[in-house]
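These are my notes from going through the model one item at a time. I started with the chains as wholes and then went to single strands and bonds.

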Amino acid sequence: MAISKARTSTALAFWSFAALALQSTPALAQVDAPPGDQPGYAVIVPGLLAGPAASVRFESNGMRIQQQDLVMGRGEVPTVRFPLRALMELRGGGVTTALRGQVQNRVPGDFWEVARDEAIGLSNRGDVAVIRLLLIDDGQ
Amino acid sequence: MTRFLSCEVLLAAVLALTGCASWRGYGHDEGHTSWQRHEFVLDTSSASTLDFQPPSATRWEFVASDAFTASPAVFDNTVYIGSLNGTFYAIWASGPAAGTIRWQYPPVTAPVPPDACGTTVAPLLIASGSGNPSGPGIASSAAIAEDVAHHEWAVIFGAPDPNSNQGDGRLWALDAKSGQCIWKSQVIAPTVGSSKIGYSSPTISHRRAFVGVSAKNPDNPITIGRVFAIDLATGAVDAAFGAPDFGVVSSDPPAGGGVWSSPAVAPDGSVVVTTGNSCHASLPDCSSSLPAVDRTLSMVKLDRHTGSPIWQAQPVDINWDFDPDWAASPSVARTSCGVLSLAVQKDGWLHALDVGGMTPSSDPACSYPGHNLKCPAWTFPSVASLPFQDDGHGDNMDTSFHRLIHPGALAGDHYYVATGGLDVAANAPNPFTHSRFIVTGRLYKLDVCADDAHRIHWILDKSTLNQAFGSPSVANGVVYVGTLSGDFYAVDAHTDPTHRAGVICSYPTVPPGPMCAAGNFRDVDVPNVLRHLTLTGQIPGIPAVVKGQVFVATTAGHLYALAP
């Protein structure tokens, strides 16, 4: 039952990000929530919310980078996959990542890379953690 | 029931007659709980009609020529408060002369010869270079002390002495009825040492006044913070207390740990203080040569006889000190889970320490090389480990440079405080540019003895209105708090469905309901606002609640008496 739920979550995450990644974004456009506005979150998987995305496209080679903040309360996200290559930075809080068979405690300022469609598990040991996510679409 | 009510009425009458219903210093009592236990007029019903107009024997407005950054003390039908204009005021609280000056110091007419303090009419000001709004005049809130050098009641506060090196800092003791000088202490904040008594207010306990000293001009040059114990009988420094340094004492240059807050006295008589940043982030810079002994950015418990540290908590490693001063005064009191000391740090994190006994204690889990530190009983929001060793710990917490320097109010197991809350992680690592008012615009009711998952009882969120909260007080089920945009709120303190105004997600900007739950956050209550008034000036200080009146001071120099 737990496995089935995790698989469902993974699929949801994949298609959520796929939808985000496929959005057409003007070159070098940036999306910023004005002060006081509600940012508008999306549920990536239960336990993990994504804030609004901002993206840039490089005209020279078609590469696109999308940035957004992920927010999670106390708890565990067993598996999440990204439809693009991802660079993640822990901005606040303390999380444990499970990636490629390695479990690692992360502190604010730590970066790690996740390959396209690679599974990563996240566990938050405090009340809140904020992770910056960069999705890299290199056109391949 | 009838018998119970009769007893309550009788108790109220006795308390009123014996003067228990007063507000005798910063944060009401020596633990700085800001909790008025003896308020019987104002409640959730009558507080909804609070106002300062039309003028009456209990409603009034007094205007000084400069800001009030101190908080009012109230005793003997008199409001005591000093202004940044260098004048200390005693204002009639109620009655036919309500809102008028009972006396002021220095007096309007020069005493001949000068009084026992050597004062004529010169205001108590630092001549130049006094830095932030803790100068140039009186930012130290007054404390009322009994039996001082044969005076029945004295009012004691920190202020510059214009007749000593252009503003050396001293404690001053004045007769509470007449304003006559009783003594001024030895110089404890010499301007030549670039020191001053800033926001620190004297706390009276065991026949002494405990007060802190900080930098004259914040961070440049940074100076060693100190706490002094002043003998109430004479105004002399209690040498036995040792005037302990809270700064860097063993490096070159020795600097840091300013005491901007007011020392609190725990039920066991020990003294608890919070200290400011180190020379790591200030001038002269010592980041390349950090000290071996370091009590900066810390909460420290001191032996009340000797000043010796019993324990120290330092949630931010000195190597990651980007100026998150611990400037809020600790609130110390007995709760159902022991004696706790609570204070929010400028980076938004709130820490609760178990005050414990007199045996020195530390925990390797919260220590790092050269530092033997105590772990907080809990931190809000909860964290995986301490000390913080990342660069998300700075000074300003919103784009208007408001800071989390305000103490909370502690009533039993409930702590009312403006704290960073769950958003502080989102604002790391650069609070200078990433935060708006989310951090400073949320007032929390926290259960200090609950587990982390049930810590929050309610949140009053004014962040979307760009309002930043000051220091709350609580009395008879009502929380009183101002904002730095001049809003005054009386808020229903209760936590139950019949008293709430709605729900809000514990994580800022996430809507309540399924989205909140999906992030592993939870919906919490929004309290009822009983009264909202717009006053003139910022309201950083603590509203004093006494006998049906609420006294509120503002940085525009307005002192209000609010009454139903």
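What pattern does chain A follow, read along the sequence? I read it as α-β-β-β-β-β-β-β-β-β. The count agrees: chain A has 1 helix and 9 strands. I note here that the model is a predicted one.

**Entry: chain A overall**

I looked up burial and found that buried residues make up 35% of the 140 residues in chain A. I then took the contacts in chain A with a separation of 6 or more, and residues 24 or more positions apart account for 68% of them.

**Entry: a hairpin in chain A**

I looked at strand E1 (residues 42-45) and strand E2 (residues 48-50) of chain A, which pair in the antiparallel sense over 3 bridges. Within this pair, Val43(A) has Leu49(A) in E2(A) as its bridge partner. I logged E1(A) and E2(A) as a hairpin with 2 residues between them. In the turn, Gly47(A) has a positive phi of about 100°.

**Entry: chain B overall**

For chain B I counted 4 helices and 35 strands. Is chain B as compact as a globular protein of its length, or less so, and why? Its radius of gyration is 22 Å and the globule rule gives 24 Å for 564 residues; the two values are close, so chain B is as compact as a globular protein of that length. I also took the box along the principal axes: the C-alpha atoms of chain B fill roughly 70 × 65 × 40 Å.

Buried residues make up 61% of the 564 residues in chain B. Of the contacts in chain B with a separation of 6 or more, 63% are accounted for by residues 24 or more positions apart.

**Entry: where the chains touch**

How many residues does the contact take from each chain? I found 28 residues from chain A and 27 residues from chain B. On the side of chain A that touches chain B, the elements giving two or more residues are strand E4 (64-80), strand E5 (85-92) and strand E9 (120-137) of chain A. Sorted by class, that side of chain A has 13 nonpolar, 10 polar and 5 charged residues.

**Entry: an open sheet in chain B**

I traced an open sheet of 4 strands in chain B, with the order E2-E35-E34-E33 and antiparallel pairing. Which strands stand at the edges? They are E2 and strand E33 (544-546) of chain B; each has a single partner strand, so one side of each is left without a neighbour in the sheet. From one strand to the next, the twist averages 15°.

I then went through the pairs. E2(B) is joined by 4 bridges to strand E35 (residues 558-562) of chain B, and the two run antiparallel. In E35(B), Leu559(B) stands opposite Phe62(B). At the other edge, 3 bridges join E33(B) to strand E34 (residues 549-553) of chain B, again antiparallel. There the bridge partner of Val546(B) is Gln549(B) in E34(B).

I checked the two faces of strand E2 (residues 60-63) of chain B. Trp60(B) and Phe62(B) make up the covered face, while Glu61(B) and Val63(B) make up the uncovered one. The general background is that side chains in a regular strand alternate between the two faces of the sheet.

**Entry: backbone exceptions**

I searched for unusual backbone geometry, given that most residues other than glycine have a negative phi and most peptide bonds are trans.

Two cis bonds went into the log. One joins Tyr105(B) and Pro106(B), with omega about -5°. The other runs from Val112(B) to Pro113(B), with omega near -5°. Pro106(B) lies in the loop between strand E6 (101-105) and strand E7 (143-148) of chain B, and Pro113(B) is placed in the loop between E6 and E7 of chain B.

I also logged two aspartates. Asp117(A) is not a glycine, yet has a positive phi of about 65°. Asp117(A) is found in the loop between strand E8 (111-114) and E9 of chain A. Asp219(B), not a glycine either, has a positive phi of about 70°. Asp219(B) lies in the loop between strand E13 (208-215) and strand E14 (226-231) of chain B.

Is Asp117(A) buried or exposed? Asp117(A) has 12 C-beta neighbours inside 10 Å and therefore counts as exposed. Asp219(B) has 21 C-beta neighbours inside 10 Å and so counts as buried. The cut-offs I applied are 12 or fewer for exposed and 20 or more for buried.

Conventions. Residues numbered from 1 in each chain as written. Chains lettered and ligands numbered in written order. Predicted model: local features only at pLDDT ≥ 70, side-chain atom pairs only at ≥ 80, totals over all residues. Pairing = 2+ DSSP bridges. Contact = placed C-beta atoms within 7 Å. Nonpolar A, V, L, I, M, F, W, Y, C, P; charged D, E, K, R; others polar. Axes fitted to C-alpha atoms, helices over the stretch in contact; angles between N-to-C directions. Rg over C-alpha atoms; globule rule 2.2 N^0.38 Å.
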